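User: I should like to learn how to read helix packing, buried residues and nonpolar cores in a model. Could we work through one example together?

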Amino acid sequence: MPPASFARPIPARATLARSLLSTRQPQFRRRSEIITCFRLCDGAVVPRDAAIAAEVPVALAYNGVSHVVMMATPSDLADFAVGFSVSEGILADGTELRDLKVEEGKTGIRVSMTIAEERFAGLKERRRNMTGRTGCGLCGVDDLTQVARPLPRVGTGVKVDIGAIHQALEALPAWQPANAETGAVHAAAWATPSGKIAFVREDVGRHNALDKLIGAMEHRQIDPEAGFAVITSRCSFEMVQKAATIRIPILVAISAPTTMALRIAEHTGITLVALARSDSITVYANPGRIRGLLVGLADG
């Protein structure tokens, strides 16, 4: 159970959605597969076993209608489905989910969801404009005005010390078993203000990892203002957009941001930290939540 400072009040209508997500989903496939490969080193050929990250088609369907197929790591799929639904604006939050079922097929995995009728009506209207889909955060977009959808401004949120960010970064590798096996998997982590990692989600796709984290936050009723998120990928605009959708105030990325990511962070009030290392960070937007940063500037 999350600490009390992380918990949001749970409305009565959330009971069904929470019980659905709390049911452990079956592990259909391993997060990795072992294959034999051949390493060439100093002129010698050395056969070795290697773990390869699992990547399978995962179809998301709403009220019996298929919406999108994503290539994903087949773990934490309930979290993934809910996180994608919320971060893409299909659901306002996990309480609008009525039912969820994960089924393995011959060609992939299908996650079937039943959602509130008013939300499904909105999704059908959105689908009328669809000309194609990608796995890069622009599902169903066929007009440039749809790229940057309206986003809320984040709340005040917590303030964190620079040391807390470094602590989370140092601890993160121990929370990445799939990446330790394969070297090919992204992670998204939720950390307390002190820098202690609370939980992590992994996936071959950086968007999927963050969606899984968002789904886990919905499942655990985490208050987004009570901590910060860390991602192991570059900080593209979709990552900031997903964080802003549920009002995460601080987003820490290991790689650099793009210009559009920076603009969205500035517009929504997200504190954007990138090029984050165990011994250095770069703050690109809204630095007021990073304690010690402004003091350091004054001393300089």
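**Reading helix packing and cores**

Analyst: In this predicted model, helix H6 (residues 206-220) and H7 pack at an angle of about 10°, with their axes 10 Å apart. Angles under 35 degrees count as roughly parallel, so H6 is roughly parallel to H7.

User: Which residues of H6 and H7 meet?

Analyst: From H6, the residues are Arg206, His207, Leu210, Asp211 and Ile214, and they meet Glu238, Met239 and Lys242 in H7. Sorted by class, this contact of H6 with H7 holds 3 nonpolar, 1 polar and 4 charged residues.

User: How is H7 (residues 237-245) placed against helix H8 (residues 259-268)?

Analyst: The same reading applies. The axes of H7 and H8 come within 7 Å and cross at roughly 20°. H7 and H8 are therefore roughly parallel to each other. The handedness of a crossing is a further descriptor, and for H7 and H8 it is left-handed.

User: Which residues form that contact, and how do they divide by class?

Analyst: On the H7 side are Phe237, Val240, Gln241 and Ala244, which meet Met260, Ala261, Ile264, Ala265 and Thr268 in H8. The residues of the contact of H7 with H8 divide into 7 nonpolar, 2 polar and no charged.

User: Let us turn to single residues. Is Ala188 buried or exposed?

Analyst: A residue counts as buried when its relative accessible area is under 20%. Ala188, in strand E8 (residues 186-191), has 1% relative accessibility and so counts as buried. Its contacts, leaving out residues up to four places away in sequence, are Phe199, Val200, Arg201, Ala209, Leu210, Leu213, Val230 and Ile231. Sequence separation can also be set beside distance in space: Ala188 and His207 are 19 residues apart along the chain, and their C-alpha atoms are separated by 9.2 Å.

User: What does Val200 touch beyond its neighbours within four places in sequence?

Analyst: Val200 is in contact with Leu172, Trp175, Ala187, Ala188 and Ala189, with those neighbours set aside. Val200 lies in strand E9 (residues 197-203) and, with a relative accessible area of 12%, is buried. The C-alpha atoms of Val200 and Ala187 are separated by 6.7 Å, although these residues are 13 apart along the chain.

User: Where does the largest nonpolar core draw its members from, and which of them touch the most other members?

Analyst: A core is read first by its membership and then by its most connected residues. Among the 56 residues in the largest nonpolar core, those that touch the most other members are Leu60, Tyr62, Leu100, Val111, Met113, Val240 and Leu251. Helix H2 (residues 77-87) supplies the largest share of this core, 7 residues. There is also a second, separate core of 19 residues, which includes Leu172, Ala189, Ala191 and Val230.

User: What surrounds Met113?

Analyst: Not counting residues up to four places away in sequence, Met113 touches Leu60, Ala61, Tyr62, Asn63, Ala81, Ser85, Leu97, Asp99 and Leu100. Leu60, Tyr62 and Leu100 are also named with Met113 among the core residues that touch the most other members.

User: How are these local readings set against the whole chain?

Analyst: Totals for the chain supply the background. The secondary structure comes to 9 helices and 14 strands. Of the 300 residues in the chain, buried residues make up 48%. Among contacts between residues at least 6 apart in sequence, 56% join residues at least 24 apart.

Key: Residues numbered from 1 in each chain as written. Predicted model: local features only at pLDDT ≥ 70, side-chain atom pairs only at ≥ 80, totals over all residues. Heavy atoms only, no water. Core = buried A, V, L, I, M, F, W, Y, C linked by side-chain atoms within 4.5 Å. Buried < 20%, exposed > 50% of the residue type's maximum accessible area, 1.4 Å probe, protein only. Helix = DSSP H or I, 4+ residues; strand = E, 2+ residues; numbered from the N terminus. Contact = heavy atoms within 4.5 Å. Axes fitted to C-alpha atoms, helices over the stretch in contact; angles between N-to-C directions. Parallel < 35°, antiparallel > 145°, perpendicular 65-115°, else oblique. Left-handed = near helix turned anticlockwise from the far one by under 90°. Nonpolar A, V, L, I, M, F, W, Y, C, P; charged D, E, K, R; others polar.
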